[in-house]
Amino acid sequence: MPNLITITTLILGFIIYILSLYKSEVFANYFGLIDKPNKFKIHSNPTPLVGILPIFSMFSFFFLSNLATNFQLDYLLIFITTTVFFLIGIIDDKTNLNAYFKLFLSTSILILFLYFSKDLKLEFLYSETFDKGLNLNNSILSIFFTVLCILLLTNSLNLSDGINSLASGISTIWLFVLTILVNDQIKIYLLALTILMILNTYFIYKGKFFLGDSGTLFLGSFVSLLTVLIYNKYLNINITISVEKIFMFFIVPGIDMLRLFIVRIINFKDPFKGDLNHLHHYLLKYFSLNTTLIIYWGLVISNIILAYKLQDYLYLAILFNLILYCSFLIFWKI
């Protein structure tokens, strides 16, 4: 049962969320964080880019409160790293940072902070398909591989943020699964964050505000770092999670990002240049917004369930996803 301090923290966190929600539009107008329509966007009205502000405010309060009573270096590093990513996103929403400078900045920050942590680096990878493990004991190699994974996940989430509440809903699903897997004092705070992420997703769906780059960078970095931490803690208690299982968690936006980058490079286009060729854009050509969201979220959820149910046949599930994805693209082209 939660103690008095935890209950008080939860209540104060909820109050902070409500106040931030109430003041979010004022914040957006003051800093000029408004998303204006253009040829790469499907909305028609200027919309505040502060959808993550209420969640970030509550997240900061929860993490700082937890660190004050139960200090852990890894949680401090997660808090600092995700806060820096949030600030980079705010600057990007305001000034439209160069994509390559943003990539360099994000990479540098991750390398710096991961250097000081052990449990936030991927040092052992297990494949259940081949029943073999790969040691990345070389600290430099493990840091760079971990950075690559975090950047890929963060960018895939960013690329899925093209229609109201899609990326926010995906993040909520991921957070819910990670909350189930966490087994320490932070669990109850993650559960509160997940519940209010559902409310936030509803407000984004209604067009009250958008997630913005501050939202996708914050949520992408938070989900990826928390996933690495949970993965390593399972290894420490001799419970192995395979790379195939982790891949299944994030496969839907991951495949779409890979396809987008390949197509753009083949066509001699900047891989970071926005367009309307994402999976969710294709789905919108056939279905309503509601149906598109249900299909996309359903794919994410079904793959997470398959990751736990199939166990020894995850390679078949990954292959099935690739075939299903390619079949839809071929059907759309025809």
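This is a short talk on the fold, two helix contacts and the empty spaces of one protein chain.

Morning, everyone. One caution before the details: this is a predicted model.

Start with the overall picture. The chain has 13 helices and four strands. Its radius of gyration is 20 Å, close to the 20 Å that the globule rule gives for 334 residues, so the chain is as compact as a globular protein of that length. If you want outer dimensions, the C-alpha atoms fill a box of roughly 55 × 55 × 35 Å along the principal axes.

Now helix packing. Two packed helices are described by the angle between their axes and the distance between the axes. I have two pairs to show.

Pair one is helix 2, residues 53-69, with helix 7, residues 187-205. The angle is about 175 degrees, and the axes are 10 Å apart. Anything over 145 degrees counts as roughly antiparallel, and helix 2 and helix 7 are therefore roughly antiparallel to each other. Who touches whom? From helix 2 we have P54, I55, M58, F59, F62 and N66. Helix 7 answers with Y189, A192, L193, L196, M197 and N200. By class, that contact has ten nonpolar residues, two polar and no charged.

Pair two is helix 5 with helix 10. Here the angle is about 85 degrees, with the axes 9 Å apart. Helix 5 and helix 10 are therefore roughly perpendicular to each other. On the helix 5 side, the contact uses L152, N155, S156 and L159. On the helix 10 side, look for P253, G254, M257, L260, F261 and R264. This contact divides into six nonpolar, three polar and one charged.

Keep helix 5 on screen, and turn to the second largest pocket. How much space lies in it? About 640 Å³. Its lining has 21 residues. Nearest the centre of this pocket are C149, L152, I246, F247 and F250. The elements giving two or more residues to the lining are helix 5 (139-159), helix 8 (212-236), helix 9 (243-249) and helix 10 (251-266). Helix 5 gives the most, with six residues. So what is the chemistry of this lining? We get 17 nonpolar residues, four polar and no charged. Note L152: it lies among the residues nearest the pocket centre, and L152 is also one of the helix 5 residues in the contact with helix 10.

Last topic, the closed spaces. Rolling a probe the size of a water molecule over the atoms shows where empty space is left. The count comes to four cavities of 30 Å³ or more. The largest cavity has a volume of about 40 Å³. Its lining is W174, V177, L178, T227, F249, F250 and I304. Helix 6, residues 166-181, supplies the largest share of that lining, three residues. By class, the cavity lining is six nonpolar, one polar and no charged. F250 turns up twice: in the lining of the largest cavity, and among the residues nearest the centre of the second largest pocket.

That's my tour. Questions, please.

Methods: Residues are numbered from 1 along each chain as its sequence is written. This is a predicted model: local features need pLDDT of at least 70, side-chain atom pairs count only at pLDDT 80 or more; totals for chains, interfaces and linings use all residues. Side-chain values use heavy atoms; hydrogens and water are left out. On a 1 Å grid over the protein atoms alone, a cavity is a set of points where a 1.4 Å probe fits but cannot get out, and a pocket is an open set with protein on both sides within 12 Å along at least five of seven lines; lining residues have an atom within 4 Å of a point. Grid points are joined across faces, edges and corners, and a volume is the space filled by probe spheres set on the points. Ala, Val, Leu, Ile, Met, Phe, Trp, Tyr, Cys and Pro count as nonpolar, Asp, Glu, Lys and Arg as charged, and the others, Gly among them, as polar. Axes are lines fitted to C-alpha atoms, for helices over the stretch in contact, and angles run from 0 to 180 degrees between N-to-C directions. Angles under 35 degrees count as roughly parallel, over 145 as roughly antiparallel, 65 to 115 as roughly perpendicular and the rest as oblique. Contact means heavy atoms within 4.5 Å. The radius of gyration is taken over C-alpha atoms; the globule rule is 2.2 Å times the number of residues to the power 0.38.
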